[in-house]
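Me: Please take a close look at a single part of the structure shown here and at what surrounds that part. I would like one connected account in which each statement can be followed back to the residues concerned.

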Amino acid sequence: MASPSSYMAIVTMALLVLLLGSSTAQLSTNYYCKSCPKLFPTVKSAVHSAIVKEGRMGASLLRLFFHDCFVNGCDGSVLLDDTSSFIGEKNAAPNVNSARGFDVVDNIKSKVEEACPGVVSCADILAITARDSVVILGGPNWEVKLGRRDARTASQAAANNSIPPPTSNLNQLISKFQAVGLSTRDLVALAGSHTIGQARCTSFRARIYNETNIDKSFAQTRQSKCPRTSGSGDNNLAPLDLQTPTAFENNYFKNLVSKKGLLHSDQQLFNGGSTDSLVRKYSNSLSNFKADFVAGMIKMGDIKPLTGSNGEIRKNCRRVN
């Protein structure tokens with residue numbers, strides 16, 4: 001028979017395992033099947049309408065989910081407006097004049113509230129809209145794990161510190177992803193989301209004028225709408241994927257192999273370093289990219305969710321209840 005001390009140790013270990021596994025274990029792909037059966041078609045219809053209206057919006061919605069999850073977990077904090085008690089994430093360096101799609105999320109939330117009031121979190125809406133955006137633009141499908149609750153606060157400082165900027169080198173990128181439990185494979189696969197969307201001139205000006213690991217004709221093309229002088233044309237846009245900025249495929253990786261990555265951080269993934277082989281793999285195999293992208297998205301969606309009695313279900317995604 002086990003001694004009282006060893007018995008207590010076993011109980012303590014069991015409780016620790018339960019506690020450590022509880023946050024993601026409480027997420028489920030059928031979380032709302034009874035409480036909000038029309039959730040998925042309601043969200044997808046609204047996302048589809050937004051993308052038809054503006055092709056770039058799919059990439060913007062996907063990026064919101066990424067920027068949400070990297071800052072204290074997937075808790076909808078990126079959606080909160082500033083208040084007298086906290087400065088939120090919307091005006092953090094990675095988001096100001098850059099993060100977009102908040103009005104679309106508001107519209108989706110209002111439609112979901114009509115279907116099932118007070119049930120679905122803004123954090124989960126971000127997760128679903130990210131998936132739907134990828135699918136609508138031709139990318140892979142996956143079952144989204146749900147059951148997240150919404151944060152009651154946000155942190156501009158955390159956003160500034162956690163989201164990797166476009167000036168990052170490879171080691172910095174790997175470190176930022178490792179900090180939230182994502183591997184180097186996840187990093188490269190998730191970077192493939194840059195097969196859709198656009199970037200502002202301020203994000204790539206230094207690369208197209210100062211760097212040497214760039215195709216010359218590609219640099220010249222980008223320079224035509226992004227003047228060298230800071231303050232001139234700062235908000236002019238260029239597609240992250242030269243060929244098909246509103247189609248989700250693997251041209252992004254083919255561009256990197258050809259030294260046509262738009263951002264410094266993009267080209268760092270194929271610049272004689274440890275990730276070159278993965279970039280080549282994805283450039284040659286769309287199926288491998290899609291499989292690893294899906295795995296990375298599911299893993300990213302598991303970052304520190306609020307579950308159980310933590311957080312809340314916001315009525316309005318921009319403010320706490």
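Reply: A residue is called buried when its relative accessible area is under 20%, exposed when that area is over 50%, and partly exposed in between. These words are used throughout for what is a predicted model.

The part I have chosen is helix H3, which runs over residues 57–69. Its 13 residues reach 19 Å from the first C-alpha to the last, close to the 18 Å expected at 1.5 Å a residue. Of these 13 residues, 11 are buried, and the helix is therefore largely enclosed by the rest of the structure. At its start the buried residues include Met 57, Gly 58, Ala 59 and Ser 60; Leu 61, Leu 62, Leu 64 and Phe 65 are also among them, as are His 67, Asp 68 and Cys 69. The partners against which the buried residues of H3 pack are four helices: H2 (39–53), H4 (102–115), H5 (122–136) and H14 (286–301).

H3 also takes part in the lining of open space. The largest pocket holds about 920 Å³, and among the 42 residues that line it, those closest to its centre are Arg 63, Phe 66, His 67, His 194 and Leu 263. The elements that give two or more residues to this lining are H3, helix H7 (170–179), H8, strand E1 (198–200), helix H9 (201–210), helix H12 (264–267) and H14. H3 supplies the largest share, seven residues. By class, the whole lining of this pocket divides into 26 nonpolar, 11 polar and five charged residues. His 67 thus appears twice in this account, as a buried residue of H3 and as one of the residues closest to the centre of the largest pocket.

Enclosed space comes next. The search of the whole structure finds two cavities of 30 Å³ or more, and the largest of them contains about 80 Å³. Phe 65, already named among the buried residues of H3, belongs to the lining of this largest cavity, together with Ala 127, Trp 142, Glu 143, Val 144, Lys 145, Arg 148, Met 297, Ile 298, Gly 301 and Asp 302. The element that gives the most to this lining is H14, with three residues, and H14 is also one of the helices against which the buried residues of H3 pack. The lining of the largest cavity comprises six nonpolar residues, one polar residue and four charged ones. The second largest cavity, with a volume of about 30 Å³, is lined by Phe 204, Arg 222, Lys 225, Leu 237 and Ala 238, of which three are nonpolar, none is polar and two are charged.

Two of the helices that pack against H3 are also joined to other parts by salt bridges. Side chains of opposite charge can pair when their charged atoms come close. For H14, the side chains of Arg 185 and Asp 292 meet at 3.0 Å, N to O. Because Arg 185 lies in helix H8 (residues 184–191) and Asp 292 in helix H14, this pair ties together parts that are 107 residues apart in sequence. Asp 292 is buried, at 16% relative accessible area, whereas Arg 185 is partly exposed, at 38%.

For H4, Arg 318 and Asp 103 form a salt bridge at 2.9 Å, N to O. Arg 318 lies in the segment after H14 and Asp 103 in helix H4, so this pair ties together parts that are 215 residues apart in sequence. Here Asp 103 is exposed, with a relative accessible area of 59%, while Arg 318 counts as partly exposed at 22%. Both residues belong to a network of salt bridges that links Asp 81, Lys 90, Asp 103, Asp 106 and Arg 318. Within that network, Lys 90 and Asp 81 meet at 2.5 Å, N to O; Lys 90 is buried at 13%, and Asp 81 is partly exposed at 28%.

The backbone at two places outside the helices completes the view. Most residues other than glycine have a negative phi. In the loop between H3 and H4, however, Asn 97 has a positive phi, near 55 degrees, and this residue is exposed, at 64% relative accessible area. Lys 304, in the segment after H14, likewise has a positive phi, near 40 degrees, and is exposed, at 55%.

Terms used. Residues are numbered from 1 along each chain as its sequence is written. This is a predicted model: local features need pLDDT of at least 70, side-chain atom pairs count only at pLDDT 80 or more; totals for chains, interfaces and linings use all residues. Side-chain values use heavy atoms; hydrogens and water are left out. The expected span of a helix is 1.5 Å times one less than its number of residues. Buried means under 20% relative accessible area, exposed over 50%, partly exposed in between (1.4 Å probe, protein chains only). Contact means heavy atoms within 4.5 Å. On a 1 Å grid over the protein atoms alone, a cavity is a set of points where a 1.4 Å probe fits but cannot get out, and a pocket is an open set with protein on both sides within 12 Å along at least five of seven lines; lining residues have an atom within 4 Å of a point. Grid points are joined across faces, edges and corners, and a volume is the space filled by probe spheres set on the points. Ala, Val, Leu, Ile, Met, Phe, Trp, Tyr, Cys and Pro count as nonpolar, Asp, Glu, Lys and Arg as charged, and the others, Gly among them, as polar. A salt bridge is a side-chain nitrogen of Lys or Arg within 4 Å of a carboxyl oxygen of Asp or Glu.
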